[in-house]
Amino acid sequence: AGRIEMIVDGGPTRIRQSSTVVGFENGAPVVLREGMITREMVKRATSTTILFVCGGNSCRSPMAESICREMLSQKYDISEDMLSEYGYEIFSAGISALDGGRVSPQAVKALRNMGYDAPWGSSARVTPEAINASDYIFTMTGDQKTNVLQLAPGTRSAVETLDPEGTGIADPIGG
């Protein structure tokens, strides 16, 4: 009825599985029919992963993660729980973090005083896998950027210091 300009039929595929059909609702990709390419594969291919890195993952990077989550949820007028559905995966980690540690009470208090939610989860040590899986990596200092690049040398273009001046964001631990 004039709605489709052309259909190309290349015959049966070698793998003999259906194609995957993806649409968009409110800017978020939605798998309408799952085929050879799974929902998880579509999600990975269409999402943007942002990683914030500091030293111990107890104050600066979890604070940056929380602020980023809030800013993106406001931009799209959605809850933070829906960010993943809109294609955003946001994490934080630390160069010398202990897995499973807590965000400092001072960081939680500072965030709440600024009107942000407390950070999610517990601390995690940054890994080459997390670095390589990230589209954007923001460190708090130049030394941390150097450490990230040493852990995963091929990520040079994805790593930036969060401070545009390049002087670094001082560690407020205990403050």
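How many of the 17 residues of α2 are buried? The count is 12, so α2 is largely enclosed by the rest of the structure. This is a predicted model.

## Helix α2

Helix α2 covers residues 60–76. Its buried residues are R60, S61, P62, M63, A64, E65, S66, C68, R69, E70, L72 and S73. What do they pack against? Their partners are the strands β3 and β4 and the helices α3 (105–113) and α5 (142–151).

The length of α2 can be checked. At 1.5 Å a residue, its 17 residues should span 24 Å. The C-alpha atoms at its ends are 25 Å apart, which agrees.

Helices also have a regular repeat. An α-helix has 3.6 residues a turn, so residues three or four places apart point the same way.

## Two positive phi angles

Most residues other than glycine have a negative phi. Two residues here go against that pattern. N57 is not a glycine, yet its phi is positive, near 55°. D77 is not a glycine either, and its phi is about 55°.

Where do they sit? N57 is in the loop between β3 (48–54) and α2. D77 follows α2, in the loop that leads to β4 (88–94).

Are they buried or exposed? N57 has 1% relative accessibility, so it counts as buried. D77 has 72%, so it counts as exposed.

## Cysteines without disulfides

How many disulfides does the structure hold? The number is zero. Take C59. The closest cysteine sulfur belongs to C54 and is 5.6 Å from the sulfur of C59, too far for a bond. A disulfide needs the two sulfur atoms within 2.5 Å.

C68 is in no disulfide either. For C68, the nearest cysteine sulfur is again in C54, at 15 Å.

Both C59 and C68 are hidden from the surface to a degree that counts as buried. C59 has 5% relative accessibility. C68 has a relative accessible area of 14%. C68 is also one of the buried residues of α2.

## A nonpolar surface patch

Which residues make the nonpolar surface patch? They are I15, M36, I37 and M41. The patch is about 360 Å².

M41 belongs to helix α1, residues 39–46. Its relative accessibility is 38%, so M41 counts as partly exposed. The cut-offs explain this label, because partly exposed lies between under 20% for buried and over 50% for exposed.

Terms used: Residues are numbered from 1 along each chain as its sequence is written. This is a predicted model: local features need pLDDT of at least 70, side-chain atom pairs count only at pLDDT 80 or more; totals for chains, interfaces and linings use all residues. Side-chain values use heavy atoms; hydrogens and water are left out. Helices (H or I, at least four residues) and strands (E, at least two) are DSSP runs, numbered from the N terminus. Buried means under 20% relative accessible area, exposed over 50%, partly exposed in between (1.4 Å probe, protein chains only). Patches are made of residues with over 30% relative accessible area and no salt bridge: like charges are joined within 9 Å, nonpolar side chains (Val, Leu, Ile, Met, Phe, Trp, Tyr) within 5 Å. Accessible areas come from the Shrake-Rupley method with a 1.4 Å probe; for residues, only the protein chains shown count as cover. A salt bridge is a side-chain nitrogen of Lys or Arg within 4 Å of a carboxyl oxygen of Asp or Glu. The expected span of a helix is 1.5 Å times one less than its number of residues. Contact means heavy atoms within 4.5 Å.
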